[in-house]
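What follows is a walk through one structure, beginning at a turn between strands and ending at a helix. Please keep the sequence and the model in view while reading.

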Amino acid sequence: MKKILLVLSMFLVVITGFAQQVAPDNTKPYLVFDASYNLAPVASGTNTQVAIYYSNLNSTATKAVQFRFWYDNTVFDAPTVTYTGTEANNLFNTKVDTIQGSVTVTWVYTGPNANFNIENGSIFNVALPFKPTYTNGAVQPMAFTGQTQSIAVTGQTQFSAYGTLASGIDTALGLQNYGGTFTEPAFSYAATFLNSPNNPSTDIPVILQKSSDGTAWTDVATANTDPNGVANFTANLDENYWQIRVKVASGITAPGALAAADADMIAQIATGLQIPTGTQFYTANPNQVNEITISDSYTVFSRLAQGLPAYANTPDILFFTEDQYNTIATATTDQSGTIPGQSTFLSANINKTRAANYYLLVLGDANGTGHN
């Protein structure tokens, strides 16, 4: 059998694939490692759980099994193996070798039923505790004995895998490994971007990022907001190790939000014919200079008349947290001195959270059309 090296890199974000727990053929009974398993969060005090499956697609009854498997003893301390089947009449033994990183398992039926046959499904569970020194990084896949070791195991020894027939004779026991790889714990997050509480913003490209030190950040995935303003993320990220945030890069434009009516509204505010409301202290001040003046009205009129895709010196969009937006929306004075907004949006760390609302304001959009 082969032990395929499929390591979990520090930057792995692959989602756990479809389960593979069934024998590849009906020539003999098999023990099976699934394609992948989720690692427990580091420093959580919980163990990584690995199920071993029994699958026999023929009619020949099997009464006992013996086999050996390997685990990454540079990452995990001594594992605990338990029988997870339903048969109470059994004798079950394990021998753990922490030097080689192997576990020898024997299980035998001890009951009176001559027709007994080991049932298909999960038969053993391996609980793997992390070594205290492990934080994150490559983890070797699980492997059955006889598979080629990708990384040499000191003093490695082989062990014959057998099943037992009703006659008490050894029979071939297949060892099928569909991968046995490890992925970091699953992480999901929904970032909702809104122009206002009832006006979602669509097609905002939101980036999920991770960092081990809070300084150097790596892009994990990008998702555009849907018609409800939601960018959904699902990735394999250990929240106990990585710092996680969402980002929206600068440069997003919103020409569809601007109209002559906005420039006219800005002119009325500058003249004193209209009193600005909370968000208008931002949206009616596209040049971001001083208070709202007739120059802001000209900035919008000029852009529309010339068909310009963006402003020359200011961004189209400023981003805010939900708390910041709520403060702005209810204010009767300009809050931009203390809440300037972000043209490149960087959230606070979102570890241990699953969703949040964020807001954006389009400069020049004095009537509140929004980015849609």
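In this predicted model, strand 6 and strand 7 form a hairpin with four residues between the strands, and there Gly 101 takes a positive phi near 75 degrees. Gly 101 belongs to the loop that runs between strand 6 (90–97) and strand 7 (102–109). Because its relative accessible area is 0%, under the 20% cut-off, Gly 101 counts as buried. Apart from neighbours within four places in sequence, the residues in contact with Gly 101 are Phe 69, Trp 70, Tyr 71 and Asn 73.

The two strands of this hairpin, strand 6 and strand 7, pair in the antiparallel sense over eight bridges, and within that pairing Leu 91 has Val 108 of strand 7 as its bridge partner. Strand 7 also runs antiparallel to strand 4 (residues 64–70), to which seven bridges join it; here Val 65 is partnered by Trp 107 of strand 7. Six of the eight residues of strand 7 are buried, so this strand is largely enclosed by the rest of the structure.

Turning to the helices, helix 1 (residues 260–271) has twelve residues, which at 1.5 Å a residue should span 16 Å, and the 17 Å between its end C-alpha atoms agrees with that. Its buried residues are Asp 262, Ala 263, Met 265, Ile 266, Ala 267 and Ile 269, and these pack against helix 2 (280–283) and helix 3 (294–306). Just after helix 1, Gly 272 takes a positive phi of about 95 degrees.

How values were computed:
Residues numbered from 1 in each chain as written. Predicted model: local features only at pLDDT ≥ 70, side-chain atom pairs only at ≥ 80, totals over all residues. Heavy atoms only, no water. Buried < 20%, exposed > 50% of the residue type's maximum accessible area, 1.4 Å probe, protein only. Contact = heavy atoms within 4.5 Å. Expected span 1.5 Å × (residues − 1). Pairing = 2+ DSSP bridges.
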